[in-house]
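Student: I would like a close look at one part of this model, and then a walk outward from there to whatever surrounds it. Could you take me through it in one go?

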Amino acid sequence: MVLNKITRRISQKKKRILITSSYPDSIISEQYRMIQTNIKFSMAGEKSQIFLITSPNDGEGKSTTAANLAITIAQQKEKVLLIDANLRKPSLHSFFKTSNSSGLVDVLNGRVLFHDAIFHTEMGRLDLLPSGPTPNNPVELLGSQMMHELLQKALRSYQIVLIDSNAILDVTDTKLLANQCDGVVLVIKNGKTKFEKAAEAKKVLEFAKAKLVGVVMNH
């Protein structure tokens with residue numbers, strides 16, 4: 001099911017602007033609200049709270065989608081944790097203008113406590129867990145018991161957990177994460193994502209026993 005199409009182009013200058021925060025009354029912000037509503041409908045009757053945002057390949061807008069969707073959910077008075085689990089190429093800290101010197105990697109390695117690694121955004125109900133320093137063993141960390149326990153701990157403090165990850169076809173990390181989440185949103189980009197790559201991504205998610213709740217089409 002296609003959750004929604006983000007059809008209006010954002011200029012190069014505005015790519016790092018969180019459109020749902022800076023322009024909450026814009027057409028694009030309304031489309032993100034529709035995505036949120038469609039996710040809720042697609043998961044009706046289920047107590048699903050952890051969602052993975054990924055894409056077939058890199059550069060298709062998954063991090064932008066994850067950040068803006070998290071803001072949209074927070075604007076609806078739900079407490080949200082946004083996790084940057086793209087340990088190889090993190091970017092969410094730049095959206096929220098915070099440091100990436102510590103974060104998820106440090107928590108999983110036992111160097112920092114979970115709550116000490118959280119960055120409280122200006123949105124109030126939205127918190128960010130940055131990725132932290134690039135590790136040598138991202139697959140082992142994201143597939144570890146520590147990661148499972150971290151997600152369960154997050155659910156005790158937040159109503160919704162959104163995870164930004166690597167592209168599903170690039171590395172094994174995302175497959176391991178997808179299996180731990182209640183739902184997966186696949187982001188594709190009009191004019192860039194090839195049909196066969198989108199179909200392959202769907203098969204990979206099915207093989208990982210992940211639940212694909214929908215697709216978001218950028219541009």
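Tutor: Let's begin with helix 2, whose buried residues are I28, S29, Q31, Y32, I35, Q36 and I39. Around the helix axis they cover an arc of only 160°, which puts them on the same side of helix 2. Turned away from that buried side is a face carrying the exposed residues I27 and F41. Keep in mind that this is a predicted model. The geometry of the helix itself can be checked: at 1.5 Å a residue, the 16 residues of helix 2 (residues 27–42) should span 22 Å, and the end C-alpha atoms are 22 Å apart, which agrees.

Two residues of that buried side lead us further in. Take Y32 to start with: Y32 is touched by T65, which also touches I53, V187 and N218, not counting residues up to four places away in sequence. T65 belongs to helix 3 (residues 62–75) and is buried, its relative accessible area being 1%. The other residue to follow is I39, a member of a core of 27 residues that also has L82, F95 and L128 among its members.

That core lies apart from another one, the largest nonpolar core. The largest core has 36 residues, and those touching the most other members are L81, I83, L104, F114, L129, L150 and I163. As a rule, in soluble globular proteins nonpolar side chains tend to be buried together. F114 shows how the largest core draws on separate stretches of chain: leaving aside neighbours within four places in sequence, F114 is in contact with L81, V107, L129, L150, K153, A154 and Y158.

L150 and A154 bring us to helix 7 (residues 145–155), where the buried residues are M147, L150, L151 and A154. Seen down the axis of helix 7, these fall within an arc of 95°, so they line one face of the helix.

A154 also gives us a way across to the strands. In sequence A154 and V80 are 74 residues apart, yet C-alpha to C-alpha they are 9.5 Å apart in space. V80 is found in strand 3 and is buried, with a relative accessible area of 0%. Beyond its neighbours within four places in sequence, V80 is in contact with A70, I73, A74, R125, L126, D127, Y158 and I160. One of these contacts, I160, stands opposite V80 in strand 6.

Strand 6 deserves a pause. Strand 3 (residues 80–84) pairs with strand 6 in the parallel sense over five bridges. Strand 2 (residues 50–54) also runs parallel to strand 6, joined to it by four bridges, and here F51 has L162 as its bridge partner. How many of the residues of strand 6 are buried? Five of the five residues of strand 6 (residues 160–164) are buried, so the strand is largely enclosed by the rest of the structure. I160, L162 and D164 point one way, while V161 and I163 point the other way, and all are buried. I163 is also one of the residues touching the most other members of the largest nonpolar core.

Finally, let's follow the loops after strands 2 and 3, where charged side chains come in. In general, side chains of opposite charge can pair when their charged atoms come close. The count of salt bridges comes to six. One of them joins D58 and K89, with the closest N and O atoms 3.1 Å apart. This pair links distant parts of the chain: D58 sits in the loop between strand 2 and helix 3, and K89 in the loop between strand 3 and helix 4, 31 residues apart. D58 is partly exposed at a relative accessible area of 34%, whereas K89 is exposed at 55%.

R88 forms a salt bridge with D173, at 2.9 Å from N to O. R88 lies in the loop between strand 3 and helix 4, D173 in helix 8 (residues 173–178), and the two are 85 residues apart. Here R88 counts as partly exposed at 40% relative accessibility, while D173 counts as buried at 0%.

For a local pair, turn to helix 9 (residues 195–207), which holds both E206 and K202, four residues apart, about one turn of the helix. Their salt bridge brings the closest N and O atoms to 2.6 Å. E206 counts as partly exposed at 48% relative accessibility, and K202 is partly exposed too, with a relative accessible area of 40%.

Definitions and conventions:
Residues are numbered from 1 along each chain as its sequence is written. This is a predicted model: local features need pLDDT of at least 70, side-chain atom pairs count only at pLDDT 80 or more; totals for chains, interfaces and linings use all residues. Side-chain values use heavy atoms; hydrogens and water are left out. A nonpolar core is a set of buried Ala, Val, Leu, Ile, Met, Phe, Trp, Tyr and Cys residues joined through side-chain atoms within 4.5 Å. Buried means under 20% relative accessible area, exposed over 50%, partly exposed in between (1.4 Å probe, protein chains only). Contact means heavy atoms within 4.5 Å. Two strands pair if DSSP finds at least two bridges between them. The arc is that of the directions from the helix axis to the C-beta atoms. A salt bridge is a side-chain nitrogen of Lys or Arg within 4 Å of a carboxyl oxygen of Asp or Glu. The expected span of a helix is 1.5 Å times one less than its number of residues.
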